[in-house]
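Visitor: Got a minute to go through this one with me? I'd like to start with how the helices pack.

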Amino acid sequence: MTISTTTMPLAFSIFSQGLALGLGLIVAIGSQNAFVLRQGLRREHVGPVVLFCALADAVLIAAGVLGMAQALGQRPMLASLLALAGAVFLTVYGWQALQRARRPQQLRAAEGGGGLSLKAVLLQAAAFTLLNPHVYLDTVLLVGSIGAQQPAMLRGCFILGASTASLFWFSLLGFGSRWLAPGFARPAAWRVLDGLIAVTMFVLAALLLRHALAGF
């Protein structure tokens, strides 16, 4: 795609729309953000987690803009099945967080990458990203439908803007959380964090379960 000097202002405007929309949707408390935050505080495979989440968002955004939004909109049963799978996953992860909160002596902010292997961490990141129906509803359907309304030659600018928002936020969440590490050197701080994560997971799981049951 070649952008001439006459279309540069419009291209920047569309890029800014994608950036603003992406930030507005992603800057919220959710299962994926909670996972990235905890990995950042643990300093455990932060770079790969941030890169995976950002790339996954970019792929989903591009898929939505290029036509996947319409395809999913015609298959409500698929959204219900995704909601059910996501509810199960979030319940399991919430239970694990609750167990960690009950054993604060095992929670150390300065732990290195030895807690989980890179493969295990990336599998969790994939589950939080791909088993969360809100990712598809927001990233694919909402962002995709708005991006699809842009001029065909400039849709790439919208995709780039929304993808940049994801990269910025996940980088800030993952790497910026290290500034909080001294406060999380105390087991009590990890007890609070994992307790909040557990509550967040259970609430989201309940909402997803309600969404899944409503679709059947």
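Visitor: Which hand does the crossing of α6 and α7 have?
Guide: This is a predicted model, and in it α6 passes α7 in a right-handed crossing.

Visitor: At what angle do the axes of α6 and α7 cross?
Guide: Roughly 145°, and the two axes come within 10 Å.

Visitor: OK, and which residues make the contact?
Guide: On the α6 side you've got V143, I146 and G147. From α7 it's R155, F158 and A162.

Visitor: How do those divide into nonpolar, polar and charged?
Guide: The contact of α6 with α7 has 4 nonpolar residues, 1 polar and 1 charged.

Visitor: Switching topic, pockets. What volume does the largest pocket have?
Guide: About 390 Å³. It has 20 lining residues, and the closest to the centre are L25, I26, Q32, V135 and D138.

Visitor: Which elements give two or more residues to that lining?
Guide: Those would be α1 (8–26), α2 (31–42), α3 (46–73), α6 (133–147) and α7 (155–176). The largest share comes from α6, with 5 residues.

Visitor: And what's the chemical mix of the lining?
Guide: The lining of the largest pocket divides into 9 nonpolar, 9 polar and 2 charged residues.

Visitor: Last thing, aromatics. How many aromatic pairs are there in the whole structure?
Guide: A search turns up 5. One of them is F35 with Y93, an edge-to-face pair at 6.4 Å centre to centre, with 75° between the planes.

Visitor: Where do F35 and Y93 sit in the chain?
Guide: F35 is in helix α2 and Y93 is in helix α4 (residues 76–102). They're 58 residues apart, so to speak a link between distant parts of the chain.

How values were computed:
Residues numbered from 1 in each chain as written. Predicted model: local features only at pLDDT ≥ 70, side-chain atom pairs only at ≥ 80, totals over all residues. Heavy atoms only, no water. 1 Å grid on protein atoms, 1.4 Å probe; cavity = no way out; pocket = protein on both sides within 12 Å on 5 of 7 lines; lining within 4 Å. Points joined across faces, edges and corners; volume = space filled by probe spheres on them. Helix = DSSP H or I, 4+ residues; strand = E, 2+ residues; numbered from the N terminus. Nonpolar A, V, L, I, M, F, W, Y, C, P; charged D, E, K, R; others polar. Axes fitted to C-alpha atoms, helices over the stretch in contact; angles between N-to-C directions. Left-handed = near helix turned anticlockwise from the far one by under 90°. Contact = heavy atoms within 4.5 Å. Phe/Tyr/Trp six-rings, centres within 6.5 Å; stacked < 30°, edge-to-face > 60°.
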